[in-house]
Each structure stands twice: as structure tokens, then as C-alpha cells.
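Q: Please show me how the packing of helices is read from a model.

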Amino acid sequence: MRTLVRMSVLLVAAVAVAGVVYPLVATRPPIHCEDVFPRQRARDACRTRWDPPASFRAVPRFVFQGAIVIAIATGARKVLGVSLNRRTKED
Amino acid sequence: MMRVRASFVLDASLFFVFSGLSVVPLTGLMIHEWIGLAFAWAALIHLLLSWNWIISTPRNLLKSASTRNVVNYGINFSLFAAMIILTLSGVMISRHALPTMGAHIEENVRWVRLHSAATNYAIGLTGFHVAMNWDWIYAMLRVRKA
């Protein structure tokens, strides 16, 4: 019961955030993928089909993506200072 | 201790799945969409496991605001907002998951752009989120090694 109440609170908070963003985008006239990307790139930019070789090629990017997060974390520790990284009793 | 370990496993999984979701060609769009929806629910569980902190911190901020808590709360709230925007925009540009559930939304590339921008913000904010909890992550890794 308590978990359900907590989930409801989080969902209400999520709807509140979405309620701010949604009207900003959805009320404006739609633009289409092919309108945005040049014709020769549209096939790549708008494609939805799963391509196993593309998956294989994406593995280094997956590792790189994780490394970016760790790099940001490492940099942030230095910039924010060690004191900010130490948990207090309040945490 | 069991709960802390479960929390750590969930958090580590969220990190790897988020990295995977950031690279759409890795899974293809269809799997990306379904994993993305599952990720949103897993993130909800992550928040439920941190519920005491979410509730108690604003009270502590009113009483005695430590710089760390203010920064941490700001980062966490921004990350929450970024994840909501990511999920919402992801649903709005869904080409597989939503039509499978019987919903059809007119294509609008503005949602694609928002999805892309929110991803970039979320990657940065996840980095800050990891930075703020680095000591806990490090401690958990040491416990698991021992």
C-alpha cells in the first residue's frame, strides 16, 4: 500500500514535468523526418530496421558512452571538490 | 544488507542499460523502444528504493542546507526531469512499441530533437549523479570483492 502511494506521488511528479514539456512541442505544427534531413541522409536518419552488422559496429560506441559518464563523474569529483562527494549523516 | 546489494545491482544495471540505450544501432530501434520502457519502470524502482532520502532531504534543506545536499538535490531533480522528458519524447516518436499497443501518433521531428537533447543532458547529469555517489559505489565494489 505504502509503495503504491509512493509510486503515485512519483507518477504525479512525472506527469507534472511532462505537463510542462508536452504543450511546448505538441501544440506546434508537426515537421517530418524527411523535411529535416537532406534526402541522401533521410534513409539512414529515418530508418527503423534492425541491422546486425550495425549492432556489431556500435559496440565501441556503447563502451565509449559508458566511459563518457565515468569521465564526467571523475571530472565532477575534481571540480565539485572532495567535500561535496562525502556523504553526511543526512544522506 | 540484502536491500543495499539489490539496490547496487539495480543501479549498476541501470548504468549499463542507459549506456546501451544511448547507442540505438546497438539494439535496433524496436528493442531500444521496449528496453527504454522497461528502463523507465526500473528507474521508478530506483527512486522507490531511495524514497527516505527523497522525502527527508527537502526537510533538512529547510533546516540546515549543506552545500552538498543542495547540489545533490538539484542534480537529482534535474536528472529526474531529463528522464521524464526522455521517456515522454521516446513514447511520442515510438514506431514499434506504441503501435503494438494500439496507439498511433503523428510523426513530429521536434520530439526527436527533444529526445536527442534530453539524452545529452541525461548523460551529463548521470555523470554528476555517479560523482556524488562515488564513495558509496566504491564501498559497494569493495564489499563485493571482499
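**Helix packing within and between chains**

A: In this predicted model, H1(A) passes H5(B) in a right-handed crossing (the near helix is turned clockwise from the far one by less than a right angle; anticlockwise would be left-handed). Local features need pLDDT of at least 70 and side-chain atom pairs pLDDT 80 or more, whereas totals for chains, interfaces and linings use all residues. Residues are numbered from 1 along each chain as written, chains are lettered from A and ligands numbered from 1 in written order, and side-chain values use heavy atoms, without hydrogens and water.

Q: At what angle do H1(A) and H5(B) pack?

A: Helix H1 (residues 2–26) of chain A and helix H5 (residues 67–92) of chain B pack at about 65 degrees, with axes 9 Å apart. They are therefore roughly perpendicular (65 to 115 degrees).

Q: Which residues make the contact of H1(A) with H5(B)?

A: Contact means heavy atoms within 4.5 Å. H1(A) contributes residues including Leu10(A), Val17(A) and Tyr22(A), and H5(B) residues including Phe80(B), Ile84(B) and Met92(B). By class, this contact has 13 nonpolar, no polar and no charged residues.

Q: How do H4(B) and H5(B) cross?

A: The axes of helix H4 (residues 51–63) of chain B and H5(B) come within 10 Å and cross at roughly 135 degrees. The crossing is left-handed. Among the residues that meet are Trp53(B) and Leu61(B) in H4(B), and Asn69(B) and Tyr73(B) in H5(B). The contact of H4(B) with H5(B) has 6 nonpolar, 4 polar and no charged residues.

Terms used
Axes are lines fitted to C-alpha atoms, for helices over the stretch in contact, and angles run from 0 to 180 degrees between N-to-C directions. Helices (H or I, at least four residues) and strands (E, at least two) are DSSP runs, numbered from the N terminus. Angles under 35 degrees count as roughly parallel, over 145 as roughly antiparallel, 65 to 115 as roughly perpendicular and the rest as oblique. Ala, Val, Leu, Ile, Met, Phe, Trp, Tyr, Cys and Pro count as nonpolar, Asp, Glu, Lys and Arg as charged, and the others, Gly among them, as polar.
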